[in-house]
Amino acid sequence: MSVVRARDLAVGYDGRAVATVAQLTIGSGDRVIVAGPNGSGKTTVLKTLARLLAPVAGTLEGVGAGPGGAIYVHPSPFLFEGSGLDNVLLGAHGARDDAMQALDALDAAPFARAHVRTMSNGQRQRIALARALAARPAVLLLDEADSGLDGDGQAAWRQVVATRRDIAIVVAAHRTNGEVPGARCYVLSAGAVPVLVPVPGALSPEP
Amino acid sequence: MTALSDALRLIVTGDADVWHITAVSLFVSLAALTLATAAGVPLGYALAHARGRAARSVSSLLHTLTALPTVVVGLLLYFTLSASGPLGWMELLYTRAAMVVGQTVLALPIVAALTLVAVQRLPAAAFETAASLGLSPMTRLVVLVGEARGAIVSALLLAFARVFTELGAAVILGGNIRGETRTLTTVIALEHTKGDDARALALGVILLAIALAVNTLVHSRWVRGAR
Amino acid sequence: MILTIPMTRFLLAAALTVATACAPPADTLRIATTTSVDNSGLLEAILPAFTRDTGYRVHVIATGSGQAINLGRRGDVAMLITHEPIGERALFDDGLVRYYRKFMFNRFVIAGPPGDPARVSRAASAVDAMRRIAAAGAPFASRGDESGTHVREKTLWAAAGVRPAGSLLIETGQGMASTLRVASERQSYVLTDEATLAQLAPVVAIGVLFMRDDALSNTYAVSILTTTRPHRSPAAESLARWLAEGPARDLIAGFEAGGRQVFFPWPPDADTLTPESMPGATRQ
């Protein structure tokens, strides 16, 4: 069952395309890496898939933003004023069970009640990921959001990636790496308007 | 400076008149601020999201309205609330309620315009996160306004300072009635024309103290730290 | 994490605050009068007795005569106390008067600098005094605000056939106390009511130079117009009668400013129904 289907999708701002996606289908539980140099349009692609930006042209079908749909996480995640728990509860739309489960998945429960301004960067990222998880997404779009995790966070996150086959995960990265084992790799080609193409046959290596 | 010492004596001995007048001033301005906040914060927030020519026009109108002359507001509302005016049946003129209405009209543009600016200044990531998490419109308003609360609190304090120290609307709409609608500013103006300088000075000292306290609060670490 | 006061509680608090401040209860009465009456302290002194007798609380709006009459025409007040015969006559002409009685008078005096350069204290009449001021080229402070005092002053200039030239006539556009201060600063002559001058005597450098002329009588009337709302009428009539026909007479006579009686109850046999009448004119 696919959660995102894009065909001849042009993404950009104010009617101007900055990148295109020829063909991309993301199924439930898929793992996808979108790689490319800085400025190649990775963020624009992810935000469009997350329904935060309207497509410039082409077809995009699938889930919308919000709970049960597509959740986007910024490279340096924005946490709202309050405690970590407050933030995760926002993502869970008040459902305390979902919030606690998500915190446990990221091993963030011990420090969740602290105010976000007292947290280290690694802790902030864990809270942001927990918040996204708490919304029970169908697809998570992480804009390099797993790059700032500390040691414990990385371990917890790898566990999530490995076990949560109900969630599709799309990660934007500089290069294909081993963080998402078994992921399909796509690359944004160089050029004035980069095109996202699959790297055929390549699966992200197992650690 | 016997007038000054008389003034201090009036304050210190708790002259009932003086404290009643102070209470009326605070009541009217706080009520007006409450109403202006309830209406102005959501209005500023909504305008921060709106696009297009109409929204831009309303925004510049709001900014212009922050500088409304108080006597003009007083006069226009007077004709509206007068017994022979459209809202005369409400019998509001020359009551504290009329003064609250006048001061709300003065405070509302300030609250709305500064909320608009404060919300627009939030990082795009705040809006995007709220949208991506699929927060309901009400939750989004509460959360984003909360993010901007430092600047919004400053706006509220500024609005309060403006209405607390104004004279034009208060005297035209309140009628400066003894025991009912006399405020610090209206009585200072009145007492001076009557020749009672000691009382005018006493009230002036109180007015100044409160206005300074509010303005100090705006710049205080307590408020700035919350931004 | 977020605003500590939820929106609904805010709105509720706001609604309650406004509600508690709304229209006055039926036992209050709003009247308009002139600043000179209010400034003299007379009403503040005698109205509590009315409230004790009847239970009605009186809200007094003090403004200039012209505005007081306007408030009456608009129905924003239930009763008027005025001393402006021309405005009062206009109310009669417009058929707006339901009740009208003269009930007291006070006196204007001509005050001026101690040296009295225009020899006003030797004048034969008020009109003569004004003529002397103009002839001597002395400065004159005027309220210039269409108040009862100002209107009387203009009447006297008209009767005298002269006025001070140009900048010698200092129009302050303000109330009596402010105008007296200006007169004191500029050492000029001024037409004023006795009460205000008595109150300000300690702080001004001018004094009474001429008084006691019928032309300087300032007569006060109480009136209820047809614009008064029916549910306010009982209170308005109660106060009007109390002032014009009742216990107020003694209280008015007993009121002192600067140690002297400054308001005089209307003589019992004098005409009370004509705006232009003076205390000496008897009933027809």
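What share of the contacts in chain B with a separation of 6 or more comes from residues 24 or more positions apart? In this predicted model, the figure is 77%. The legends below start with that chain and then move to some local views.

**View 1. Chain B is built from 12 helices and zero strands.** Read from the N terminus, its elements run α-α-α-α-α-α-α-α-α-α-α-α. Put a box around the C-alpha atoms, taken along the principal axes, and you get roughly 65 × 45 × 25 Å. The chain has 227 residues, and 48% of them are buried.

**View 2. Here chain B meets chain A, with 13 residues of B in contact with 15 residues of A.** On the B side, helix H6 (124–132) and helix H7 (137–147) each supply at least two of the touching residues. H6(B) gives the largest share, six residues. Sorted by class, the side of chain B that touches chain A has seven nonpolar, four polar and two charged residues.

**View 3. Helices H2 (residues 84–91) and H4 (residues 121–134) of chain A pack with their axes 7 Å apart.** The angle between them is about 25 degrees, and since angles under 35 degrees count as roughly parallel, that is what H2(A) and H4(A) are to each other. The crossing of H2(A) past H4(A) is right-handed. From H2(A), the residues to look for are Gly84(A), Asn87(A), Val88(A), Leu90(A) and Gly91(A). They meet Ile127(A), Ala130(A), Arg131(A), Ala132(A) and Ala134(A) of H4(A). Taken by class, the residues of this contact are six nonpolar, three polar and one charged.

**View 4. Two loop residues of chain A, His93(A) and Arg136(A), have a positive phi without being glycine.** Why bother with a close-up? Most residues other than glycine have a negative phi. His93(A) sits in the loop between H2 and helix H3 (96–105) of chain A, and its phi is near 55 degrees. Arg136(A) belongs to the loop between H4 and strand E6 (139–143) of chain A, with a phi of about 50 degrees. Are these two buried or partly exposed? A residue needs 20 or more C-beta neighbours within 10 Å to be buried. His93(A) has 18 inside that distance, so it counts as partly exposed. Arg136(A) has 19, so it counts as partly exposed too.

**View 5. Strand E7 (residues 189–193) of chain C is mostly covered, with five of its five residues buried.** In a regular strand, side chains alternate between the two faces of the sheet. For E7(C), Tyr189(C), Leu191(C) and Asp193(C) lie on one side, with Val190(C) and Thr192(C) on the other. Both of these faces are covered.

**View 6. Still on chain C, E7(C) pairs with strand E4 (residues 97–112) and with strand E5 (residues 140–142).** How do the strands run in each pairing, parallel or antiparallel? E4(C) and E7(C) are antiparallel and joined by four bridges. Look for Ile110(C), which stands opposite Leu191(C) of E7(C). E5(C) and E7(C) are parallel, paired over two bridges. In that pairing, Ala141(C) stands opposite Val190(C). Leu191(C) and Val190(C) are the buried residues on opposite sides of E7(C) that you met in the previous view.

Note on methods
Residues are numbered from 1 along each chain as its sequence is written. Chains are lettered from A and ligands numbered from 1 in the order in which they are written. This is a predicted model: local features need pLDDT of at least 70, side-chain atom pairs count only at pLDDT 80 or more; totals for chains, interfaces and linings use all residues. A residue is buried if 20 or more other C-beta atoms lie within 10 Å of its own, exposed if 12 or fewer, and partly exposed in between; C-beta atoms are placed from the backbone. Two strands pair if DSSP finds at least two bridges between them. Axes are lines fitted to C-alpha atoms, for helices over the stretch in contact, and angles run from 0 to 180 degrees between N-to-C directions. Angles under 35 degrees count as roughly parallel, over 145 as roughly antiparallel, 65 to 115 as roughly perpendicular and the rest as oblique. A crossing is left-handed if the near helix is turned anticlockwise from the far one by less than a right angle, and right-handed if clockwise. Two residues are in contact if their C-beta atoms, placed from the backbone, lie within 7 Å. Ala, Val, Leu, Ile, Met, Phe, Trp, Tyr, Cys and Pro count as nonpolar, Asp, Glu, Lys and Arg as charged, and the others, Gly among them, as polar.
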